[in-house]
Amino acid sequence: MAAGPMKMRATIAGGNTDVRVLMTHPMTTAQSGQPLHFIQNVVVKQNGKTVIEAEISQAVSRNPVFTFRLKGGAKGDKIEVSWVDNKGDSNKIESAVA
Amino acid sequence: MKRFLAGCLLAVALPLAAQDTRKEIQKYQQMIADGSPVELFELEGETLWKKPQGPSNVSLEKCDLGLGPGVLKGAYARLPRYFKDADRVMDLETRLLHCMTTLQRRSREDATKRVFGNENQPSEMEYLSAYVSAQSRGMKMAAGNSHAKEKEAFELGKAMFFHRAGGWDMSCASCHGEEGKRIRMQDLPVLSKPEFARPIVATWPAYRVSNSQFKTMQWRINDCYRQMRYPEPKFASDATIALTTYLAVTAAGEPYRGPGTKR
């Protein structure tokens, strides 16, 4: 279910933007005996501007959840989170800060 | 004297340690519940609920879960219950199966080909179970307990709960009949008592973080019987529904907080 759904919630808390995002991904490790398959890059954009670029590894669990705190921000800001895995599959989600 | 003191210390330290362990387990459970992949299963379940399937090529959107065709809000909290059209008490999965075979006109074989999934490929039942039960969050659990067949199911479930049989001569009560017992890190709730049944029944079905799978109530019952070394209970059988009815009625009144997240 590599291209399965994502879910995101972005809210203003204490003057900052809290982003919580769920991703559907098998995150298969080398030990599993199955072909290695994991999310390699995660990019977070705030109103089109890249604010986080992350490299993650096999150490992250299946169907991972990430929480980011972005400085500042306002209601209605567009937050986009995208990922690319080691097989080149990708997915993204966009929503407005509530 | 020294030995006496050590004995006293031990007596004091043990209950404290047990309390700390419980607190730590609770903390862990809160952490896994925050940001649980359960929501991903709900999303996929919604897609499947609205997907036309079977010879009729219709979705499940007209499925009557007890509150009228297509009414999802609060429906799960009232299950299992008696359904006049089927003249049977049904739990969630049984009712979904009923809608698949009647509305969508799928064969029972097709609809039950793969009811329990795995981490790589969850089953349709699991996705749907997540989606439907999530629409009852915050609603008080109130399984049917007034119709004669509902009362019959409750009594049968109760008898099954205490009935010892199988390869190891066990009953549900062998593990769930005494307070303060634990298996590994899991408290073993005395499910025949409302105060213990309530928080458990109110958080099933559930996502298991240890194996990344979403588990239905039918699976829970099925696996308990496997652990007790009984013959495998049939999916959506009167026996499994009776046991779920007994548990749900015992847990009545608790606000539903599922689908839950388990260790």
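The radius of gyration used here is taken over C-alpha atoms, and the globule rule is 2.2 Å times the number of residues to the power 0.38. This is a predicted model, in which local features need pLDDT of at least 70 and side-chain atom pairs count only at pLDDT 80 or more, while totals for chains, interfaces and linings use all residues. Residues are numbered from 1 along each chain as its sequence is written, and chains are lettered from A and ligands numbered from 1 in the order in which they are written.

**Exercise 1. Describe the overall build of chain B.**

Step 1: Start with the radius of gyration. A compact globule of 263 residues would have a value near 18 Å, and the 20 Å of chain B agrees with that.

Step 2: Look at the box. Taken along the principal axes, the C-alpha atoms of chain B fill roughly 80 × 40 × 35 Å.

Step 3: List the secondary structure. Chain B has 10 helices and 7 strands; helices (H or I, at least four residues) and strands (E, at least two) are DSSP runs, numbered from the N terminus.

Step 4: Check burial. A residue is buried if 20 or more other C-beta atoms lie within 10 Å of its own, exposed if 12 or fewer, and partly exposed in between, with C-beta atoms placed from the backbone. Of the 263 residues in chain B, 35% are buried.

Step 5: Turn to contacts, meaning that the C-beta atoms of two residues, placed from the backbone, lie within 7 Å. Among the contacts in chain B with a separation of 6 or more, 69% join residues 24 or more positions apart.

**Exercise 2. Do the same for chain A.**

Step 1: With 98 residues, a compact globule would come near 13 Å; chain A has a radius of gyration of 14 Å, which agrees.

Step 2: The C-alpha trace of chain A spans about 45 × 20 × 20 Å along its principal axes.

Step 3: Chain A has 0 helices and 7 strands, and its pattern along the sequence reads β-β-β-β-β-β-β.

Step 4: In chain A, 26% of the 98 residues count as buried. Residues 24 or more positions apart supply 56% of the chain A contacts with a separation of 6 or more.

**Exercise 3. Which strands of chain A stand at the edges of the sheet β1-β2-β5?**

Step 1: Lay out the order. Three strands of chain A form an open sheet, β1-β2-β5, with antiparallel pairing; two strands pair if DSSP finds at least two bridges between them.

Step 2: Find the edges. β1 (6-13) and β5 (65-70) of chain A each have a single partner strand, so one side of each is left without a neighbour in the sheet.

Step 3: Zoom in on one pair. β1(A) and β2(A) (residues 16-23) are antiparallel over 8 bridges, and Met6(A) stands opposite Met23(A) in β2(A).

**Exercise 4. Work out how β6(A) and β7(A) are connected.**

Step 1: β6(A) (residues 78-85) and β7(A) (residues 90-96) run antiparallel and are joined by 7 bridges. Lys78(A) has Ala96(A) in β7(A) as its bridge partner.

Step 2: The two strands form a hairpin with 4 residues between them, and Gly88(A) in the turn has a positive phi of about 90 degrees.

**Exercise 5. Is helix α3 of chain B mostly covered or uncovered?**

Step 1: Count. In α3(B) (residues 92-102), 9 of the 11 residues are buried, so to speak "mostly covered". Among the buried residues are Leu92(B), Leu96(B), Leu97(B) and Cys99(B).

Step 2: Find the cover. It includes β1 (81-83), β2 (88-90), α4 (108-111), α5 (124-134), α9 and α10 of chain B.

**Exercise 6. Compare how α6(B) and α9(B) pack on α10(B).**

Step 1: Recall what to look for. Two packed helices are described by the angle between their axes and the distance between the axes. Axes are lines fitted to C-alpha atoms, for helices over the stretch in contact, and angles run from 0 to 180 degrees between N-to-C directions.

Step 2: Take α6(B) (residues 148-162). Its axis lies 7 Å from that of α10(B), at an angle of about 95 degrees. That makes α6(B) roughly perpendicular to α10(B); angles under 35 degrees count as roughly parallel, over 145 as roughly antiparallel, 65 to 115 as roughly perpendicular and the rest as oblique.

Step 3: Take α9(B) (residues 217-227). The axes of α9(B) and α10(B) (residues 238-250) come within 10 Å and cross at roughly 105 degrees. That makes α9(B) roughly perpendicular to α10(B).

Step 4: Name the residues. Met217(B), Gln218(B) and Ile221(B) in α9(B) meet Thr240(B), Leu243(B) and Thr244(B) in α10(B).
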